[in-house]
Amino acid sequence: MTRPHIPLRLTIDTGAIADNWRWLARTGGGAACGAALKANGYGTGAPQAARALIGAGCRDFFVATWAEADALLPHLGEARLSVLHGVAEEDMAYAAASPARPVLNTAAQVRRWRGTGRPCDVMVDTGMNRLGLSREEIAGGILDGLAVDTLMSHLASADEDVPVTAAQLSAFRELGGHVGAARLSLANSAGICLGADYAFDLTRPGLALYGGIPRREAIGHIRPVVLVEVQVIQRRRVEAGEGVGYNHLFVATRPHELAVLNIGYADGYLRGFSGTGRARIGDVILPVIGRVSMDLTAILVDAAPQLGEGDWVEIDFDLPAASAQSGLSQYELLTNIGARYERRYV
Ligand SMILES: *Cc1c(COP(=O)(O)O)cnc(C)c1O
């Protein structure tokens, strides 16, 4: 049987993932550099990203859940894996037999894990008020006798220039000295950009590995990872006064040539790109017009007279630019990438 043709493709540059990790590792100074692989490696494919990262020298990985750990462990060899959400009661049977470590977040998780006698990581809250034990719980001795590999905390606003980040740093520094953890870890991608003070023993980048720009310091150093290309299904002409697509969000004020592309919000090209997204052929920019629909998106192609049915165009998926176009975060853009693409790893 011949296989069906797929009219949209995603090229993942695993060499760029490795290069991005190397830059993050260098920027973190002497700290070991880990990698967040949760949400299928931010949509890029966790096993493929893991292979590239291991090749570059990464040995510490992070996922959110035990189901993610289960899928990834066969690809990690001797590397270490931590499960950020810790252990719920329902996780215990699996987790106690797994080489991965839970990141304990609550007093109940600590109680649950203590009986296993196995190593763990611990999350302490230094002001984000998301996950983690409080500083008071830790000062009260809740971790006594526990084999803590990595004590970590998470920065709430490292992508901005706000005083709370330095306050989290000093809270973490103060606490770190009192817990007998083998390693301390604070910085995500944005935190690494803040300098060596934030790196401690282990950093935990995610976004920047996959081409996201967490802060201006990363511009010019982080390479794009994801390339999106789609095929033209139909080219057409609209006259002045005619509307295009659902609810005629675009109405032509003069005659236009347009092309309808094989991509829509079901592919993660969400409706925020309606009237703001861009496709391109080389340097020629082809603006998205009208409302993005489930499977289709229209672009103006007056500037591309040769473009016809079956031709491929690139979708502008430069993450900071696409974030500005769509109002979605760089994280949302990556993790929403759909399942209909032909994926190519280069
Ligand atoms: C997701 C996550 C990271 C990675 O953050 P980025 O901003 O993507 O670099 C690091 N640490 C924790 C606890 C996380 O949940």
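# A tour from strand β14 to the ligand

Start at valine 260 in β14: this residue is the bridge partner of glutamine 234. Strands here are DSSP runs (E, at least two residues) and helices are DSSP runs too (H or I, at least four), numbered from the N terminus. The model is predicted: local features need pLDDT of at least 70, side-chain atom pairs count only at pLDDT 80 or more, and totals for chains, interfaces and linings use all residues. Residues are numbered from 1 along each chain as its sequence is written, and side-chain values use heavy atoms, with hydrogens and water left out.

## Stop 1: β14 and its partners

Select residues 256-261, which make up strand β14. Five of the six residues are buried, so β14 is largely enclosed by the rest of the structure. Buried means under 20% relative accessible area, exposed means over 50%, and partly exposed is in between (1.4 Å probe, protein chains only).

Add residues 226-238, strand β11. β11 and β14 pair in the antiparallel sense over six bridges. Two strands pair if DSSP finds at least two bridges between them. Now add β17, residues 297-300. β17 and β14 are also antiparallel, with four bridges. Pick alanine 259 here; its bridge partner in β17 is isoleucine 299.

## Stop 2: the loop between β12 and β13

Move to asparagine 247, in the loop between β12 (243-244) and β13 (250-251). Its phi is positive, about 60°, although the residue is not a glycine. Asparagine 247 is exposed, with a relative accessible area of 61%.

Step on to histidine 248, in the loop between β12 and β13. Histidine 248 has a positive phi of about 45° and is not a glycine either. Its relative accessible area is 47%, so it counts as partly exposed.

## Stop 3: the parallel sheet

Zoom out for the open sheet. Seven strands form it, in the order β3-β4-β5-β6-β7-β8-β9, and the pairing is parallel. Which strands stand at the edges? They are β3 (35-36) and β9 (183-185). Each has a single partner strand, so one side of each is left without a neighbour in the sheet.

Select β8, residues 148-152. Three bridges join β8 to β9, and the two run parallel. Leucine 151 stands opposite leucine 184 in β9.

Next, go to aspartate 60 in strand β4 (residues 60-63). Aspartate 60 is buried, with a relative accessible area of 4%. Show arginine 80 as well: a polar contact of 2.8 Å joins the two side chains. A polar contact is a pair of N or O atoms within 3.5 Å; within protein, one must be able to donate a hydrogen and the other to accept it, and residues adjacent in sequence count only if both atoms are side-chain atoms.

## Stop 4: the ligand

Centre on the ligand. How many residues surround the ligand? There are 14, and the closest are Lys38, Tyr42, Ser189, Leu207 and Tyr331. A residue counts as near if one of its heavy atoms lies within 4 Å of the molecule.

Display the distances to ligand oxygen atoms. A polar side-chain atom of lysine 38 lies 2.6 Å from one. For a polar side-chain atom of tyrosine 42, the distance is 2.5 Å. Leucine 207 takes part through its backbone: a polar atom there is 2.8 Å from a ligand oxygen. The protein covers 93% of the 390 Å² of accessible area that the ligand has on its own. Such areas come from the Shrake-Rupley method with a 1.4 Å probe; for residues, only the protein chains shown count as cover.

## Stop 5: the aromatic rings

A search of the whole structure finds five aromatic pairs. One of them joins tyrosine 42 and tyrosine 331: tilted, 6.2 Å centre to centre, 40° between the planes. Tyrosine 42 lies in helix α2 (residues 38-42) and tyrosine 331 in helix α11 (residues 330-335), so the pair ties together parts that are 289 residues apart in sequence. Rings of Phe, Tyr and Trp (its six-membered ring) pair if their centres lie within 6.5 Å; planes under 30 degrees apart count as stacked, over 60 as edge-to-face and the rest as tilted.

Compare burial. Tyrosine 42 is buried at 7% relative accessibility, whereas tyrosine 331 is partly exposed at 38%. Add Tyr210: Tyr42, Tyr210 and Tyr331 form one aromatic cluster.

## Stop 6: strand β1

Finish at leucine 10, in strand β1 (residues 8-12). Leucine 10 is buried, with a relative accessible area of 0%. Its C-alpha atom is separated by 6.2 Å from that of arginine 344, 334 residues apart along the chain.
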